[in-house]
Each structure stands twice: as structure tokens, then as C-alpha cells.
Amino acid sequence: MISRFFVLAAALNLSTAVLAQSSNTGHSAHQPASAAVVAPVSKPTTEGEVRRVDKVQGKVTLRHGRIENLDMAPMTMVFTVTDSALLEKLNPGDKIRFSAEKRNGVLTVTIIELSP
Ligand SMILES: [Cu+2]
């Protein structure tokens with residue numbers, strides 16, 4: 001529970017920082033580079049298979065294909081999922097497509113879609 005609280009607190013701090021930054025520098029010409037980095041990806045980019053779902057800790061173990069945006073080779077590993085609603089529909093063995101990115105140094109799944 002302590003680690004989960006820390007992740008939530010870190011996520012809140014990050015949101016606050018992003019909000020503060022955009023209101024302070026919205027007029028700046030230096031925005032495009034950083035905006036591109038934080039822009040949400042709308043389509044899942046990587047194939048994977050669910051191995052384990054931990055709704056209490058907000059984590060999912062995935063066997064994943066190559067993740068281009070993280071420059072990561074295929075493997076099985078644990079990801080953090082900040083939106084717990086994403087975990088509700090998942091069961092071990094499900095084939096999925098997903099997107100992941102590094103948030104506050106933590107590999108985090110941002111999108112999960114069940115493959116047909
Ligand atoms: Cu990996």
C-alpha cells in the first residue's frame with residue numbers, strides 16, 4: 001500500500017508540474033519539442049500477451065513484442081498501469097495491443113486494447 005500511495009502521489013505531482021508549466025510557458029516558442037515528448041499516443045503500438053494482472057498494485061505482467069518508442073526488445077516484464085480501469089477487462093492469456101512510455105522513470109502502460 002505504501003508503494004502504491006507513492007506512485008499516486010508522484011503522478012499527482014507530475015500533473016501539477018505539467019499544468020504549472022503549460023500556464024507559465026503557453027506563449028513560449030520553445031514548446032513544440034517538449035509538447036511532442038508528452039503528447040499522448042492515441043493508437044496502441046505494441047503487441048503483447050497478458051501473463052498476470054495485479055489490480056491491487058496496479059500492475060500487469062506482459063509478454064511483449066518490440067517497443068519502438070522505448071527501444072526495448074521483446075521480453076516478459078511488469079508494467080505499472082496508472083488507470084486501473086485498463087486492468088478490469090484483462091485476464092491471463094489475453095492477446096492485446098498496448099502502448100507504454102516512461103513516466104517519472106517508471107515504465108507505464110497508457111493504452112490497452114484486446115486483440116480480436
Ligand atoms: Cu520489456
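Student: Let's start with a pairing: which residue in β5 does Val81 stand opposite?
Tutor: This is a predicted model, so we're reading predicted positions here. β3 and β5 run parallel and are joined by 2 bridges. Across from Val81, the residue in β5 is Val109.

Student: And how do β4 and β5 run, parallel or antiparallel?
Tutor: These two make a hairpin, with 2 residues between them. Ser99 stands opposite Ile111 in β5. The strands are joined by 8 bridges, and they run antiparallel.

Student: How many bridges join β1 to β2?
Tutor: This is another antiparallel pair. Look at Glu49, which stands opposite Arg63 in β2. The number of bridges joining β1 to β2 is 6.

Student: Okay, in what order do the strands run around the closed barrel?
Tutor: The chain has 3 helices and 5 strands, in the pattern α-α-β-β-β-α-β-β along the sequence. The barrel has 5 strands with mixed pairing. Neighbouring strands of this sheet are turned by 55 degrees against each other on average, ignoring direction. The order is β1-β2-β3-β5-β4.

Student: Which element gives the largest share of the largest nonpolar core?
Tutor: That core has 11 residues, including Val50, Leu62, Val81, Phe98 and Val109. Elements that give it two or more residues are β1, β2, β4 and β5. The largest share is 3 residues, and it comes from β4.

Student: Ala100 is in that core too, right in the list. Which residues is Ala100 in contact with, leaving aside its neighbours within four places in sequence?
Tutor: Let's go along the chain. Before Ala100 in the numbering, the partners are Thr46, Ile67, Leu70 and Phe79. The rest of the list is Leu107, Thr108, Val109 and Thr110.

Student: Is Thr82 buried or exposed, or something in between?
Tutor: Thr82 is found in the loop between β3 and α3. Being buried takes 20 or more C-beta neighbours within 10 Å, and being exposed takes 12 or fewer. Thr82 has 16 of them inside 10 Å, so the verdict is partly exposed.

Student: What separates the C-alpha atoms of Thr82 and Thr108?
Tutor: Along the chain, these two are 26 residues apart. For context, residues 24 or more positions apart account for 48% of the chain's contacts with a separation of 6 or more. The separation between the two C-alpha atoms is 7.1 Å.

Student: What is the phi of Asp71, roughly?
Tutor: Most residues other than glycine have a negative phi. Asp71 sits in the loop between β2 and β3, and it is exposed because only 7 other C-beta atoms lie within 10 Å. It goes against the usual sign, with a positive phi of about 50 degrees.

Student: Why is Asn104 exposed?
Tutor: Asn104 lies in the loop between β4 and β5, and it has a positive phi of about 55 degrees without being a glycine. The cut-off for exposed is 12 or fewer other C-beta atoms within 10 Å. Asn104 counts as exposed because its number is 11.

Student: Last one: over which residues is the pLDDT below 50?
Tutor: The chain averages a pLDDT of 78, and 65% of the residues score at least 70. Where pLDDT is low, the predicted coordinates should not be read in detail. Beyond near neighbours in sequence, the low stretch has 5 contacts in the model, and it covers residues 8–36.

Key. Residues numbered from 1 in each chain as written. Predicted model: local features only at pLDDT ≥ 70, side-chain atom pairs only at ≥ 80, totals over all residues. Core = buried A, V, L, I, M, F, W, Y, C linked by C-beta atoms within 7 Å. Helix = DSSP H or I, 4+ residues; strand = E, 2+ residues; numbered from the N terminus. Contact = placed C-beta atoms within 7 Å. Pairing = 2+ DSSP bridges. pLDDT = per-residue confidence, 0-100. Axes fitted to C-alpha atoms, helices over the stretch in contact; angles between N-to-C directions.
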